[in-house]
Amino acid sequence: MVVGDRLKWSMKLRIFFMVAGFAALSCGGGGLPGDVQRFESRCVKMNANPIAIRVNDPHPGTKDVYACNLDAGTVKANTRPFPDGTLIVKSSTRIGEDFIWLVATARKQAGEWQWDEYTRNFSNETFARVPVSESTCTDCHATVATSDWIYTTAAP
Ligand code: HEC
């Protein structure tokens, strides 16, 4: 009896995780950390218009930038520095493609930003973390150190 119940539970758990995994993949968030998934619906978009590709773009494509874990009023007030717990997400869609191929994140903890990047090459592929050193990111973002290392300002 007890063994049978356990088996049933393990089956239920397996089905639960299969469904949860499929849901994460089908909304395009597979492979992204849990707090980054669903950023498009959960976070406040900062740019009014898509950000165009730039010369020597480190994240080539058309980009959007989102601020997470802050209410819209705080984001639009453009107060710097950002508080601990802020997550900024940049997504990039390559020219001629219709899916996000790159997600770059800045996550603030104990007054410091942590920088991460995830990419994929196909719309049905899981994102993989790019093993890039954070100094690659901060060398460039240092240009805007006086704006708390973040380039984008929120549109009113
Ligand atoms: C050569 C310069 C450069 C490098 C290197 C770079 N970035 Fe950026 N990043 C930018 C610029 C410029 C923007 C503003 C949006 C745009 O035009 O793409 C930006 C925007 C961002 C944003 C949105 C917040 C903001 O600052 O507007 C995040 C998050 C981000 N980058 C993460 C990263 C990470 C993670 C890395 C390293 C893996 C990285 N960046 C490397 C130039 C750079």
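Let's start at C68, whose bridge partner in strand 3 is L87. That pair belongs to the seam between strand 2, residues 62–68, and strand 3, which run antiparallel and are joined by seven bridges. Elsewhere along this seam, D64 sits opposite S91 of strand 3. Keep in mind that this is a predicted model.

Now step back to the rest of the chain. Its secondary structure amounts to four helices and six strands, and if you read along the sequence you get α-α-β-β-α-β-β-β-β-α. The six strands make an open sheet with antiparallel pairing, in the order 1-2-3-4-5-6. Strand 1 (44–45) and strand 6 (128–129) are at the edges with a single partner strand each, so one side of each has no neighbour in the sheet. As a general point, the strands of a sheet pair through backbone hydrogen bonds, in either a parallel or an antiparallel way.

We can walk across part of that sheet. Strand 1 is joined to strand 2 by two bridges, again antiparallel, and here K45 has Y66 of strand 2 as its bridge partner. Past the strand 2 and strand 3 seam where we began, strand 3 pairs with strand 4, residues 102–109, over six bridges in the antiparallel sense. On that side, S92 is matched with L102 in strand 4.

Strand 3 deserves a second look. It spans residues 87–93 and is mostly covered, with six of its seven residues buried. For the chain, buried residues make up 23% of the 156 residues.

What does the largest nonpolar core look like, and which residues have the most contacts inside it? The core has 23 residues, and the ones with the most contacts inside it are Y66, A67, I88, V89 and V103. Strand 2, strand 3 and strand 4 are the elements that each give two or more residues to this core, and strand 4 gives the most, with four. Nonpolar side chains in soluble globular proteins do tend to be buried together.

I88 is a handy place to see how things come together. Setting aside its neighbours within four places in sequence, I88 is in contact with V65, A67, T105, A106 and I150. More broadly, take the contacts in the chain between residues at least 6 apart in sequence: 46% of them join residues at least 24 apart.

That leaves the ligand. How many residues surround it, and which are the closest? There are 22 around the ligand, and the closest are A104, C137, C140, Y151 and T152. Elements that give two or more residues to this shell are strand 2, strand 3, strand 4, strand 5 (112–119) and helix 4 (134–141). Helix 4 gives the most to the shell, with four residues. Sorted by class, the shell around the ligand holds twelve nonpolar, five polar and five charged residues.

So where do the core and the ligand shell draw on the sheet? Strand 2, strand 3 and strand 4 each give two or more residues to the core, and these strands also appear among the elements that do so for the shell.

Conventions: Residues are numbered from 1 along each chain as its sequence is written. This is a predicted model: local features need pLDDT of at least 70, side-chain atom pairs count only at pLDDT 80 or more; totals for chains, interfaces and linings use all residues. A residue is buried if 20 or more other C-beta atoms lie within 10 Å of its own, exposed if 12 or fewer, and partly exposed in between; C-beta atoms are placed from the backbone. Two strands pair if DSSP finds at least two bridges between them. A nonpolar core is a set of buried Ala, Val, Leu, Ile, Met, Phe, Trp, Tyr and Cys residues joined through C-beta atoms within 7 Å. Two residues are in contact if their C-beta atoms, placed from the backbone, lie within 7 Å. A residue is near a molecule or strand if its C-beta atom, placed from the backbone, lies within 6 Å of it. Ala, Val, Leu, Ile, Met, Phe, Trp, Tyr, Cys and Pro count as nonpolar, Asp, Glu, Lys and Arg as charged, and the others, Gly among them, as polar.
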